[in-house]
Amino acid sequence: MFQILNEDGEVVNKEFMPDLSDDELRELMRRMVYTRILDQRSIALNRQGRLGFYAPTAGQEASQLGSHFAIEKEDFILPGYRDVPQLIWQGLPLYQAFLFSKGHFHGNQYTEELQAFAPQIIIGAQYVQAAGVALGMKLRGKKNVAITYTGDGGTSQGDFYEGINFAGAYQAPAIFIVQNNRFAISVPVEKQTAAKTLAQKAVAAGIEGIQVDGMDVLAVYAATKDARDRAVNGEGPTLIETMTYRFGPHTMSGDDPTRYRSDDLDKEWEKKDPLVRFRKFLEGKKLWSEEDENRVIEEAKEDIKEAIKKADQYPKQKVTDFINYMNEELPLNLQEQLKEYEAKESK
Amino acid sequence: MAQMTMIQAITDAMRTELKNDPNVLVFGEDVGQNGGVFRATEGLQAEFGEERVFDTPLAESGIGGLAIGLATQGYRPVPEIQFFGFLFEVMDSIAGQMSRTRFRSGGTHHSPITVRAPFGGGVRTPELHADSLEGLVAQTPGLKVVIPSTPYEAKGLLISAIRDNDPVVFLEHMKLYRSFREEVPEEEYTIPIGKAAVKREGKDVTLIAYGAMVHAALKAADELAEDGIEAEVIDLRTVSPVDYETIITSVEKTNRVVVIQEAQRQAGVAAAVAAEIQERAILHLEAPVLRVTAPDTVYPFAEAEEVWLPNHKDIVEKVNQVINF
């Protein structure tokens, strides 16, 4: 397993230490702390009924944000349903992320600059689509990549294999990330496959595969950066398995992890908390202080308060909105139904 | 003008659009150097290059995903599914994904994709090649489903499908690929999607059909004419959305209807057409709307196609029932 920082925040692999400035290192920490607060607040807001669908992210900050930190603005992100943080740091306004959670189309109305699809609910679909995005970039001669994410359970899907295999056959610039948090809802990874690692599934596609400590933000960043460099140089796709853990439930829709996870296992992984480790590393370099951390926490809380207010006040959806977003030119049946609902809505 | 078979007209439509629009990409299993298992893409890779017309690995779901991804980079994908019986492998990409792109993104992304696939019986194909599965995709909001029955229409409808900025499933009946030739203009032209065509005028009964059943209906109409029954034959051409305007105009004139499909009774689109007619024109009906369909079994073993597939005799029989109701 590729690792740069150990649990005590010590560099154990100097050779692969990524070339990040002090400001960039601080920015990475800022994003991880901010995202941890966002997770805590999202869970609370969900419990209050002010958010809808929500898949907790605490524990996966290094995996999600370290990999995202390695990509460029013009790269294309195909997230799974748990990968909202990557979209936010790519530029999705927070209130739109909340509208996505609540179930409002405006949450998915991305600007031209935000090169991404909305979070994918069908596990695996983002993988075959990423192969297509990457092939398109290659045909256009762009120096960009498609990056996509799935979980450990998702590696059992046909689309997972087809996606990496298509990208391999076309030597397309794609980065496939498997966030192995050891559980697909209640099913442990040992019940998904007899394979000893998920990274080795890359062999079936004939592409590069690497298993990374997903609680180590520098290792995840370095592996993704390397995959990106090779992809834009025409050397094809990479499969990156990040060994991580979700501290919370699968989603906020009634999942209770105490039914399938032991306290011991939770504690073992909490010791690996990516924030604790990176904080120690930065404090050792005098790049991070309690004041820095508190400032980020306050900033996050303030932003979240504003964003949820904006999401709450966003105009309600109408059936006529939905009809108008179906086709460029409405077919006969929808023209008729549009008139019907316009009449209803004007009452 | 040139005499073309339907397959030649289809190739010609793709050549026209590959020439017109550099964003058009044609891909699928064996569509490149081989020119397709039915020669639908014959010569296209040689003319436009491997970056425009290319083979894929053997995986329908991957092909669907590839199309969706390519569209994000401004391409206009025209993927082929070798036989529509293999739809099930790519059902998510078609019905779960590309059909929803515009909707789920609130209009910020779209999928200008044309999925081409052969289907249809009467040529003794092996299992799951000939099944009529248009009903499955016709029930999916966000998809248009086009089924041509002549070379002239195949070209005009395929050009329209490729130019449409939303996904179109374009189904090509295998029995019609080379069964006859027709004058097809060499220049480009379009036929609007969602518009039916009256293929024969009549005043006594309306026959609504699509695909190979259009020709069965025309043959039945010839026989009926000998008995003094003038059947009007409507070719739906697009089975989703259905052109109710053309249908209702005809029904108001003839007051009797038979809807004809090759698919099983529980499948296809005949039930939806019959429902619309009774909602919109029940006071014009002298008899119930009857359907000619295949039986509700799995598509037959090859040797049994003749006894299983609906034909012009079945249509004549149903017409006599609605006339004598």
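A charge is said to sit over a ring if NZ of Lys or CZ of Arg is within 6 Å of the ring centre and within 35 degrees of the ring normal. In this predicted model, the charged end of Arg261(A) fits that description over the ring of Phe183(A), 5.9 Å from its centre. Here is a friendly tour of this and other aromatic and nonpolar features.

**Charges over rings**
- Besides Arg261(A) over Phe183(A), the charged end of Lys272(A) sits over the ring of Trp269(A), at 4.9 Å from the ring centre.

**Aromatic pairs**
- Over all chains, the count comes to 23 aromatic pairs.
- One of them is stacked: Phe278(A) and Phe281(A) are 5.8 Å apart centre to centre, with 15° between the planes.
- Both residues of this pair belong to helix 10 (residues 274-284) of chain A, where they are 3 residues apart, about one turn of the helix.
- Phe278(A) and Phe281(A) are both buried.
- Phe38(B) and Phe83(B) make an edge-to-face pair, with 5.5 Å centre to centre and 75° between the planes.
- This pair links distant parts of the chain, 45 residues apart: Phe38(B) is in the loop between strand 2 (24-28) and helix 2 (44-48) of chain B, and Phe83(B) is in the loop between strand 4 (76-80) and helix 4 (91-97) of chain B.
- Phe83(B) counts as buried because its relative accessibility is 9%, and buried means under 20%.
- Ring pairs also join Phe105(A), Phe322(A), Tyr325(A) and Phe103(B) into a cluster.

**A nonpolar surface patch**
- Phe53(A), Ile121(A) and Ile122(A) make a nonpolar surface patch of about 240 Å².
- Ile121(A) lies in the loop between helix 4 (94-102) and helix 5 (125-140) of chain A.
- With 47% relative accessibility, Ile121(A) counts as partly exposed.

Note on methods:
Residues numbered from 1 in each chain as written. Chains lettered and ligands numbered in written order. Predicted model: local features only at pLDDT ≥ 70, side-chain atom pairs only at ≥ 80, totals over all residues. Heavy atoms only, no water. Patch = residues over 30% accessible without salt bridge, like charges linked within 9 Å, V, L, I, M, F, W, Y side chains within 5 Å. Areas by Shrake-Rupley, 256 points an atom, 1.4 Å probe, with all protein chains shown as cover. Salt bridge = Lys/Arg side-chain N within 4 Å of Asp/Glu carboxyl O. Helix = DSSP H or I, 4+ residues; strand = E, 2+ residues; numbered from the N terminus. Buried < 20%, exposed > 50% of the residue type's maximum accessible area, 1.4 Å probe, protein only. Phe/Tyr/Trp six-rings, centres within 6.5 Å; stacked < 30°, edge-to-face > 60°.
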